[in-house]
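Reader: I would like to go through this model by its parts and its interfaces. Please keep the answers short and end each one on the value or name I ask for.

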Number of protein chains: 4
Amino acid sequence: MLRIGLLGAGRIGTVHAQAISDHPDSTLVAVSDAMADAAARLAQAHGAVARTSEDIIADPDIDAVLIATPTDTHSDLIEAATAARKAVLCEKPVDLDLNRALASQQAVAGTGQPVMIGFNRRFDPGFGALKSAVQSGEIGSPELLSITSFDPAPPPISYVKVSGGLFRDMTIHDFDLANFIMGDVPVTVSAVGTSTVDPAIAEAGDVDTAVVTMTYKDGRIAVIKNSRRAVYGYDQRVEVLGSGGLLQARNVLENNLVKSTADGVISAKPTYFFLERYMPAYRAEWDAFVTAVKTGSAVPVTLEDGVAALALAEAATRSARTGIPVKLEEILKPVAK
Amino acid sequence: MLRIGLLGAGRIGTVHAQAISDHPDSTLVAVSDAMADAAARLAQAHGAVARTSEDIIADPDIDAVLIATPTDTHSDLIEAATAARKAVLCEKPVDLDLNRALASQQAVAGTGQPVMIGFNRRFDPGFGALKSAVQSGEIGSPELLSITSFDPAPPPISYVKVSGGLFRDMTIHDFDLANFIMGDVPVTVSAVGTSTVDPAIAEAGDVDTAVVTMTYKDGRIAVIKNSRRAVYGYDQRVEVLGSGGLLQARNVLENNLVKSTADGVISAKPTYFFLERYMPAYRAEWDAFVTAVKTGSAVPVTLEDGVAALALAEAATRSARTGIPVKLEEILKPVAK
Amino acid sequence: MLRIGLLGAGRIGTVHAQAISDHPDSTLVAVSDAMADAAARLAQAHGAVARTSEDIIADPDIDAVLIATPTDTHSDLIEAATAARKAVLCEKPVDLDLNRALASQQAVAGTGQPVMIGFNRRFDPGFGALKSAVQSGEIGSPELLSITSFDPAPPPISYVKVSGGLFRDMTIHDFDLANFIMGDVPVTVSAVGTSTVDPAIAEAGDVDTAVVTMTYKDGRIAVIKNSRRAVYGYDQRVEVLGSGGLLQARNVLENNLVKSTADGVISAKPTYFFLERYMPAYRAEWDAFVTAVKTGSAVPVTLEDGVAALALAEAATRSARTGIPVKLEEILKPVAK
Amino acid sequence: MLRIGLLGAGRIGTVHAQAISDHPDSTLVAVSDAMADAAARLAQAHGAVARTSEDIIADPDIDAVLIATPTDTHSDLIEAATAARKAVLCEKPVDLDLNRALASQQAVAGTGQPVMIGFNRRFDPGFGALKSAVQSGEIGSPELLSITSFDPAPPPISYVKVSGGLFRDMTIHDFDLANFIMGDVPVTVSAVGTSTVDPAIAEAGDVDTAVVTMTYKDGRIAVIKNSRRAVYGYDQRVEVLGSGGLLQARNVLENNLVKSTADGVISAKPTYFFLERYMPAYRAEWDAFVTAVKTGSAVPVTLEDGVAALALAEAATRSARTGIPVKLEEILKPVAK
């Protein structure tokens, strides 16, 4: 039974607490949060105790920590936890600052501890089935990937301001999904972003509608479409054209009811947002982490994967600002110095 | 070039006139109708002349007649036209009276002339593809056939009164479709009919909602569902369960547009009624008739097919009235005397 | 926290044990089974103890029992448990013998204890949404109900022999679903059943393919289609035609992936069988039971509902054997004596 | 009755000849082609005569010409025909050379004759319904347009070499469709093109897979995805995200049959190619032209529309080559000199 400390008792921490508790091989023993009340409430609900992050990380009886704190604390906590010989599952993104993330990567490497990044979409049954079908050659060689990712409604402006921008906050999932499906990172990234949903988002220096095009060294292309607002629900679709056909992972609908009236043939909407859509994915993600830690096998989403997605977000942010495509090596070169 | 006389210039006659004119191997030369004006107008629109039915049938320069007159004239016209050595395409049903239809069948047999019955659904691309798939064994051995056939709105009560009842007027299409798909006639027919759409239909002695269940000598079962009212359009679906799978012929929609809003995911409705849905079928039906006549091959829907469907309608009418299943041989036995 | 005893540790008992354990307001404390090993294994997995059914029923510290034993023990256990002042959730069917079930009903009435019957489909999200839409008038007045219910593969012949026959074993779910959706019981039941899937089923005295037609006092009609074999998976669909439109509850598919190749456009199959399809329904069913017991409100599926479904199964069995429609009052009359 | 001369008797000329003949208000009187045999055959099939293009244009009894000749002759023929006071329907693209097209535009303006460009997709029922829904505000304000346009198989390399490249030959349709749906031309065009389908296409200096992203002055974005090969058929889809929802125009399938087997749930493929998919569009396009000419109203797709699409193709070609986004005004500025 893995003994788990949860750092962060906010919305996503609450989701993870449930997955930890429900798993037969893990138990939640401690919760921390900057807001002590939140930590206490969540701890109590799961028979755990509220403690500080430092305490949790220092406790030799805790096997692993799940980091669900604000992004700007991720790198520090990853480093501290791995130094204390804990396995880590950290929410995305690794960091908003690529250099900081790369430094963490080096620090972690020295510890030999497993660090998994919480790119939950890799564990969505539909996307997983798509990846398997691509890998087994069901559509021959993949040539053109297309990801549609629309949120139902924009976040509060206060969140937008600290989010690192749409590419680091929202598209980061799609960058990782592209890396996962294509089995490679792109060579060039070209992005356009505009603000048509809400002028306040533009005033906050961010965009709410974007298209990112990426090319690969073997001539493949990927395109990501993002919007902060789809009034019909969470629109999460992926399609891949290959030499032997097309794969499409369609939306998950609220139910399977279809109503035909004088107004048309009406199906249910997509599930409202990520909690509804990706709950099975969060559980599968946690199961994959527990399995890797217990068996000593490699975690399925590495810190390197997290850094790769962050580098793409950095490239897209730069491309959208300058209007010029960015080579991924330009992003990584100054960093490598 | 086949020279065609059209008997009947009503709604369905107008449809056939267009198919005759558009076909490269047939030309419409004469039109008759009890209402002289209607015949004249339709004739003029196609460069034909208005004449009486007797005149048309007697004209040795006319190769074939298409009978689209009221049902109670069908048998007389079939007999007269075949006696005059004309090929005949006659609209369904052959007759409302099974004995009268059987007598026609005998009379026609003596002439050797081809008589085709206008069961247009056999020529619908979807149903045709379903039949082909059944025949080629794509779902193994068929076991359970289900036909859904709903009109968008009930006909006028004046029509209901002379229609012969729902089973002879509407279900007749489904009986023929069942015979076509199953490649056999059933052994027993069990029907229930009620009137929930419009009490005036009950007052006219008819039903507007019905279910017919038929069993076959080899244990297969077919079920037909009918309603005179589906406010969302013409609902025409067929499905067959077989030992190797399920085939479904779905509705034809008005267009391929899908709209997702806060109200749901909305597709177009099925096409409104038979003119919209079955226009391609009417053209294919006519082409099949022309081809059979020109090449001397058998017509694809025979007078016997028309009589078989009528016998099933008779059986269903009787079953719905008595509440007892009816054996098809009971229907045909007194007739055979 | 409700303390629960589970009677029966077979396949369906195992499903219920999980639902009981996972529910925040119930805990599994004891398990019984005719096979002691099975009871012990299941009890251990959930931190419960294996005991006899008598023991469990006699234990005043147990609040409720879930009966998942063979059907022929249901009535005895229902009576014993309610006499011991326990709330009961009993798997379907109540009994294979209608008179026995009616006797239980009387016995239970005297105790005032809640007895819920495990018609899980009422708790399926799709069917629930359909029921809600019917109730809220979204398709006006319902007129024609159609239930498609195909198993993926027939059960072993040994099971068929003791199952009570297709109508009591399989269609019983559809009878209850019809009663649930129509909000009434039918007046007449007409059934045809054949054996085309496997001749061994006919030799065992049962049918494997069936159609049941039911009429209601207000002219509505319901039709149920059953097959023991659909090689593509568990086919569970419901549609209702009403004066204002059509509602369809479609199948739940294994995933949302669609593959287009030179062979066609290929979606996933329906989920394989009831464990896959109805797991959410089992959990919702248990939650409804717990809520009813805790709040003292009426259980949502009563023993009377179980008896009504059984009476319809009895009527269908008789109709399929005699070839004659059966009035529900004929079934209930001799019983009422 | 409009008397029509058809210039060009190739594949697309043959399609147009049928539409001209079938229309009640137009008649095909003359056909020209560089290959005299082809002109003679097509003329004969429609009761027309084969003549030279010069002859046809000079004939005062011919009201309009349809230009379906090789692209490099379009501008000359448009100019000659309008100078001869004929109405013109010209196939896309107007020209491969933007300057030449702009010169034609000026020349035609002086004649006052109507020139319509054959962008058939505007007349596709699904795309037309989408445009109408956008215009009537059904999804609020459109924000993100996405066009998927895949051919079933690449054209012969000989054709690729003279086609002007993918953006002028294939994407030109999508550029016009974007202009049609968005009701505006974009400000910037960014394109990537690669050759993953066939290396011979790269050797011929062209690409076979491409993504074009366009931004509009009000912040809207459009993205076009192209491939020369989709083995499952002609993939032609459009979707628009707006402030009030999403519109999707889906593919037209070969039929409405769905087959469920142990392999999955299999629908028919999209129609194979443009002749199958767009035949109704070609007829509607011709009807729109005839109506405009007869009533003296504006043609629905102007020479200006053709030039606008060509300018976008020019911009995309340049962007794909340089790797830098291109402003549409840069394309039109040197031209304007």
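The questions below concern a predicted model and go from the domains of one chain to the contacts between chains.

Reader: Into which domains is chain A divided?
Author: UniProt, in an unreviewed entry, lists "domain: Gfo/Idh/MocA-like oxidoreductase N-terminal" at residues 2–119 of chain A. The same kind of record places "domain: Gfo/Idh/MocA-like oxidoreductase C-terminal" (unreviewed entry) at residues 131–328 of chain A. The domain division of the chain itself gives domain 1 (2–120) and domain 2 (122–279 + 308–336).

Reader: What are the helix and strand contents of the two UniProt spans in chain A, residues 2–119 and residues 131–328?
Author: Residues 2–119 of chain A have end C-alpha atoms 21 Å apart, with 44% helix and 24% strand. For residues 131–328 of chain A the end C-alpha atoms are 24 Å apart, and the content is 38% helix and 27% strand.

Reader: How much area do domain 1 and domain 2 of chain A bury between them?
Author: The centres of the two domains of chain A, taken over C-alpha atoms, are separated by 26 Å. The contact takes 16 residues from domain 1 and 22 residues from domain 2 of chain A. Carbon and sulfur atoms give 71% of the buried area, which is about 1,600 Å².

Reader: Which three residues supply the most of the area that domain 1 of chain A buries against domain 2 of chain A?
Author: Three residues together supply 44% of the area that domain 1 of chain A buries against domain 2 of chain A, more than any other three. They are Leu98(A), Phe119(A) and Asn120(A).

Reader: How many salt bridges and how many residue pairs in polar contact are there between domain 1 and domain 2 of chain A?
Author: A salt bridge here needs a side-chain nitrogen of Lys or Arg within 4 Å of a carboxyl oxygen of Asp or Glu. By that rule the interface of the two domains of chain A has zero salt bridges. The residue pairs in polar contact between domain 1 and domain 2 of chain A, both at pLDDT 80 or more, number five.

Reader: Which element gives the most to the side of domain 1 of chain A that touches domain 2 of chain A?
Author: Helix H1 (11–22), helix H5 (98–111) and strand S6 (115–118) of chain A are the elements that give two or more residues to this side. The residues of this side of domain 1 divide into nine nonpolar, three polar and four charged. With four residues, the element that gives the most is H5(A).

Reader: Where is the cis peptide bond from Lys92(A) to Pro93(A)?
Author: Most peptide bonds are trans. The bond from Lys92(A) to Pro93(A) is cis, with omega near -15 degrees. Pro93(A) is placed in the loop between strand S5 (87–91) and H5 of chain A.

Reader: What is the phi of Arg85(C)?
Author: Most residues other than glycine have a negative phi. Arg85(C) is in the loop between helix H4 (74–83) and strand S5 (87–91) of chain C. Its phi is positive, near 65 degrees.

Reader: How many salt bridges are there between chain A and chain D?
Author: The contact takes 38 residues from chain A and 38 residues from chain D. About 2,800 Å² is buried between chain A and chain D, with 65% from carbon and sulfur atoms. One salt bridge joins the side chains of Glu239(D) and Arg237(A), at 2.8 Å, N to O. The count of salt bridges between chain A and chain D is six.

Reader: How do the residues of the side of chain A that touches chain D divide into nonpolar, polar and charged?
Author: Eight residue pairs are in polar contact between chain A and chain D, both at pLDDT 80 or more. Elements that supply at least two residues each to this side of chain A include strand S7 (142–150), strand S9 (209–215) and strand S11 (235–242). The residues of this side divide into 15 nonpolar, 15 polar and eight charged.

Reader: Which element of chain D gives the largest share of the side that touches chain C?
Author: The contact involves 13 residues of chain D and 13 residues of chain C, and about 950 Å² is buried between these chains. Ala262(D), Val265(D) and Lys269(D) supply 40% of the area that chain D buries against chain C. There are zero salt bridges and four residue pairs in polar contact between the two chains, both at pLDDT 80 or more. Strand S13 (257–261) and strand S14 (264–267) of chain D each supply at least two residues, and the largest share, four residues, comes from S14(D).

Note on methods. Residues numbered from 1 in each chain as written. Chains lettered and ligands numbered in written order. Predicted model: local features only at pLDDT ≥ 70, side-chain atom pairs only at ≥ 80, totals over all residues. Heavy atoms only, no water. UniProt positions renumbered as here; feature names shortened; annotations may be inferred. Domains from an automatic or database assignment. Contact = heavy atoms within 4.5 Å. Buried area = accessible area lost by both parts, 1.4 Å probe. Polar contact = N/O pair within 3.5 Å; in protein donor to acceptor, adjacent residues only side chain to side chain. Nonpolar A, V, L, I, M, F, W, Y, C, P; charged D, E, K, R; others polar.
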